[in-house]
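Thanks for coming. I will walk through one model today, and I will keep to what can be read from the coordinates.

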Amino acid sequence: MIISVINKKGGVGKTPIAYALAKEYDTLLASNEPANVYQFYQKDRLKIAPAAQLPLVDNADIVYDFG
């Protein structure tokens with residue numbers, strides 16, 4: 001399962017939604033935004049990098065948060 005949370009406008013709740021989905025489904029979480037909410041997520045399940053460097057994961061469950 002791959003879930004992407006995307007919107008060009010800022011401040012619409014992409015990060016909290018991505019965090020909640022990843023936590024609920026116990027998946028990897030990849031983001032290009034080092035938001036404060038991510039300090040509560042499992043460090044080994046979190047990938048933060050510029051959008052062009054985020055990992056494309058095959059055969060794994062992951063939630064992408066693109067700000």
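Let me start at Y41. Which residues does Y41 touch, once those up to four places away in sequence are left out? They are Y19, A22, K23, T27, L29 and L46. Please keep in mind that this is a predicted model.

Y41 belongs to the largest nonpolar core, which has ten residues. Y19, A22, L29 and L46, just mentioned as contacts of Y41, are members of that core too. The rest of the core is I3, V5, A18, Y38 and V63. Strand 1, residues 2-6, and helix 1, residues 14-25, each supply at least two of the core residues. Helix 1 gives the most, with three. Apart from this core lies another, of seven residues, including L28, A30, A49 and Y64.

Now helix 1 itself. It has twelve residues and reaches 16 Å from the first C-alpha to the last, close to the 16 Å expected at 1.5 Å a residue. Which residues of helix 1 are buried? K14, T15, A18, Y19 and A22 are. Looking down the axis of helix 1, you find the buried residues within an arc of 125°, so they line one face of the helix. P16 and E24, on the other side of helix 1, are exposed. As for what covers the buried residues, the list includes strand 1, strand 2 and strand 4.

Just after helix 1 comes D26, with a positive phi of about 50°. D26 is not a glycine. This residue sits in the loop between helix 1 and strand 2. Is D26 buried, exposed or partly exposed? Its relative accessibility is 48%, and the exposed class begins over 50%, so D26 counts as partly exposed.

Next, the sheet. It is open, has four strands and pairs them in parallel, in the order 1-4-2-3. As a general reminder, strands of a sheet pair through backbone hydrogen bonds, either parallel or antiparallel. Which strands stand at the edges? They are strand 1 and strand 3, the latter being residues 46-48. Each has a single partner strand, so one side of each is left without a neighbour in the sheet. On average, neighbouring strands of this sheet are turned by 15° against each other, direction ignored.

I will take the pairings in sheet order. Strand 1 and strand 4 run parallel and are joined by five bridges. Here I2 has I62 of strand 4 as its bridge partner. Strand 4 is also joined to strand 2, again parallel, by four bridges. In that pairing L29 stands opposite V63 of strand 4, and both L29 and V63 are in the largest nonpolar core. Strand 2, residues 28-31, then pairs with strand 3 in the parallel sense over three bridges. S31 stands opposite I48 in strand 3.

One last item, strand 4, residues 62-66. How many of its five residues are buried? Four are, so strand 4 is largely enclosed by the rest of the structure. Strand 4 feeds into both cores: V63 is in the largest one, and Y64 is in the seven-residue one.

That is the end of the walk-through, and I can take questions now.

Conventions:
Residues are numbered from 1 along each chain as its sequence is written. This is a predicted model: local features need pLDDT of at least 70, side-chain atom pairs count only at pLDDT 80 or more; totals for chains, interfaces and linings use all residues. Side-chain values use heavy atoms; hydrogens and water are left out. A nonpolar core is a set of buried Ala, Val, Leu, Ile, Met, Phe, Trp, Tyr and Cys residues joined through side-chain atoms within 4.5 Å. Buried means under 20% relative accessible area, exposed over 50%, partly exposed in between (1.4 Å probe, protein chains only). Contact means heavy atoms within 4.5 Å. Two strands pair if DSSP finds at least two bridges between them. Axes are lines fitted to C-alpha atoms, for helices over the stretch in contact, and angles run from 0 to 180 degrees between N-to-C directions. The expected span of a helix is 1.5 Å times one less than its number of residues. The arc is that of the directions from the helix axis to the C-beta atoms.
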